[in-house]
Amino acid sequence: MRILGIESSCDETGVALVESDGSGALPRLLAHALHSQISMHQAYGGVVPELASRDHIRRVLPLTQAVLAEAKLAREAIDVVAFTRGPGLAGALLVGAGVACALGAALGKPVLGVHHLEGHLLSPFLSADAPEFPFVALLVSGGHTQLMRVEGVGRYELLGETIDDAAGEAFDKSAKLMGLPYPGGPWLAQLAEGGDAQAFRLPRPLLHSGDLDFSFAGLKTAVLTQAKKLGDELEARKADLAASTQAAIVEVLLRKSLSALDGTGLKRLVVAGGVGANRQLRAQLDAACARRGVRVHYPELHLCTDNGAMIAMAAAMRLQAGLEAAQPRYAFDVRPRWPLDALAVGA
Ligand code: KG4
Ligand code: ZN
């Protein structure tokens, strides 16, 4: 069975084709294509939802054609059309949902709406070193920071989450204060490489809260206060401030992930979402988990941020697990707000 996946929840248009052979083996990626809108939004310092929607409209069909050409398949070879149903920007989601349903209707093939975070969560199954269930998942994207206990496809228990900003937001907002381009995470991480992580003492919010929740809003304020204090000196100390900010975010993510592993007794950690591309986070998780005999899995670097492959994969895995029957029904809705644990089997 071949599943086309369309991602359009934010500022990346992604299309991909995966195939599952019915043997129970993991579905495999046949082709994928991506268009990032980052350069378009950069002039505004953040995502402009209306521009995002219009650009998705322009990109999604050419990307679909590129994917089919790469896989050397005609569109009739598609068995199911999957799309990101939420969470995300309403207008952007509607583009993917509308195109997916139109394509499904034209081909007479069923469609399936997918949860964007489930896509991130299952994206490590696209890598050569795929995990096995059960595991603890650290989901760190631009809009979400969550720890989950994952027993299987669709069996997700929320262990903790951010009560305010997400880790990606903490990276992006701090970077913005330092005058770095949007999205600031990768820029801040790059700048931090040449800085001293101990230069500034920044707060580690909720580090000792005794639960698995996060809070990053105060960190951004602390970075702002520090930047103001530095005044004219900021330019010369920017790398130190970046390194100190990254160290604070990474330490909280690391400690809470280890607590989640301790609390559940699980020996496997899966890291997913854009912040999962952060090198410091990877290095520290790898070192701490190696000491505890815990295996860590990541998506391939290029599949950490939003893409169509993770949406096609999540659809394929849900279908394979018998959790979903793709329907030839083409009326659609989107869910801009949609908690992942609402997917839990029996919920
Ligand atoms: O998962 P994602 O592509 O989009 C959402 O679903 O939100 O994550 C985007 C987030 C942004 O906040 C971006 O700054 C952050 O991931 N990010 C990074 C790095 N690469 C992407 N943050 C820190 N270090 C990185 N290398
Ligand atoms: Zn995402």
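**Exercise 1. A loop position**

State where aspartate 196 lies in the chain, and whether it is buried or exposed.

Step 1. Aspartate 196 sits in the loop that links helix 6 to helix 7; helices (H or I, at least four residues) and strands (E, at least two) are DSSP runs numbered from the N terminus.
Step 2. The model is a predicted one, in which local features need pLDDT of at least 70, side-chain atom pairs count only at pLDDT 80 or more, and totals for chains, interfaces and linings use all residues. Residues are numbered from 1 along each chain as its sequence is written, chains are lettered from A and ligands numbered from 1 in the order in which they are written, and side-chain values use heavy atoms, leaving out hydrogens and water.
Step 3. Aspartate 196 has a relative accessibility of 37% and therefore counts as partly exposed (buried is under 20% relative accessible area, exposed over 50%, partly exposed in between, with a 1.4 Å probe and protein chains only).
Step 4. Threonine 225 is 29 residues from aspartate 196 along the chain, and their C-alpha atoms are separated by 18 Å.

**Exercise 2. The zinc site**

Describe the coordination of the zinc ion (ligand 2) and the geometry of its site.

Step 1. The coordinating residues are His116 and His120, each through NE2, and Asp306 through OD, at 2.0 to 2.1 Å. Donors are N, O and S atoms within 2.8 Å of the metal (3.2 Å for Na, K and Ca); water is not among the atoms, so sites may look incomplete.
Step 2. The angles among the four donor atoms are 93 to 134°, and the site is tetrahedral (four donors with all angles between 85 and 135 degrees).
Step 3. Along the chain, the donors of the zinc ion (ligand 2) have the spacing H-x3-H-x185-D.
Step 4. Helix 4 (residues 116-122) carries both histidine 116 and histidine 120, which are four residues apart, or about one turn of the helix. Histidine 116 and histidine 120 are both buried.

**Exercise 3. The surroundings of ligand 1**

Determine which residues are closest to ligand 1 and how the residues of its shell divide by character.

Step 1. Ligand 1 is surrounded by 19 residues, the closest being His120, Gly142, Asp172, Gly274 and Asn278 (a residue is near if one of its heavy atoms lies within 4 Å).
Step 2. Six residues of the shell are nonpolar, eleven polar and two charged. In this division Ala, Val, Leu, Ile, Met, Phe, Trp, Tyr, Cys and Pro count as nonpolar, Asp, Glu, Lys and Arg as charged, and the others, Gly among them, as polar.
Step 3. Oxygen atoms of ligand 1 have backbone partners: a backbone N or O atom of glycine 142 at 2.7 Å, a polar backbone atom of aspartate 306 at 3.1 Å, and a backbone N or O atom of valine 275 at 3.5 Å.
Step 4. Ligand 1 exposes 560 Å² when taken alone, and the protein buries 86% of that (Shrake-Rupley method, 1.4 Å probe).
Step 5. Helix 4, helix 5 (167-177) and helix 6 (184-192) are the elements that give two or more residues to the shell around ligand 1.

**Exercise 4. Asparagine 278**

Place asparagine 278 in the chain and find what its side chain lies beside.

Step 1. Asparagine 278 belongs to the loop between strand 9 (268-272) and helix 9 (279-291).
Step 2. Its relative accessible area is 8%, so asparagine 278 is buried.
Step 3. A polar atom of the asparagine 278 side chain is 3.2 Å from the backbone nitrogen of glutamine 280.

**Exercise 5. Backbone conformations**

Locate the cis peptide bonds at proline 87 and proline 134, then the positive phi angles of lysine 72 and leucine 206.

Step 1. Glycine 86 and proline 87 are joined by a cis bond with omega about -15°; proline 87 is in the loop between strand 4 (80-86) and helix 3 (90-107).
Step 2. From phenylalanine 133 to proline 134 the bond is cis, with omega near -5°, and proline 134 is in the loop between helix 4 and strand 6 (135-140).
Step 3. Lysine 72, not a glycine, has a phi of about 55°. Lysine 72 is in the loop between helix 2 (49-71) and strand 4, and at 75% relative accessibility it counts as exposed.
Step 4. Leucine 206, also not a glycine, has a phi of about 60°. Leucine 206 is in the loop between helix 6 and helix 7 (217-230) and is partly exposed, at 30% relative accessible area.

Conventions. Four donors count as tetrahedral if all angles lie between 85 and 135 degrees; four count as square planar and six as octahedral if opposite donors are over 155 degrees apart and all others between 65 and 115; anything else is irregular. A polar contact is a pair of N or O atoms within 3.5 Å; within protein, one must be able to donate a hydrogen and the other to accept it, and residues adjacent in sequence count only if both atoms are side-chain atoms.
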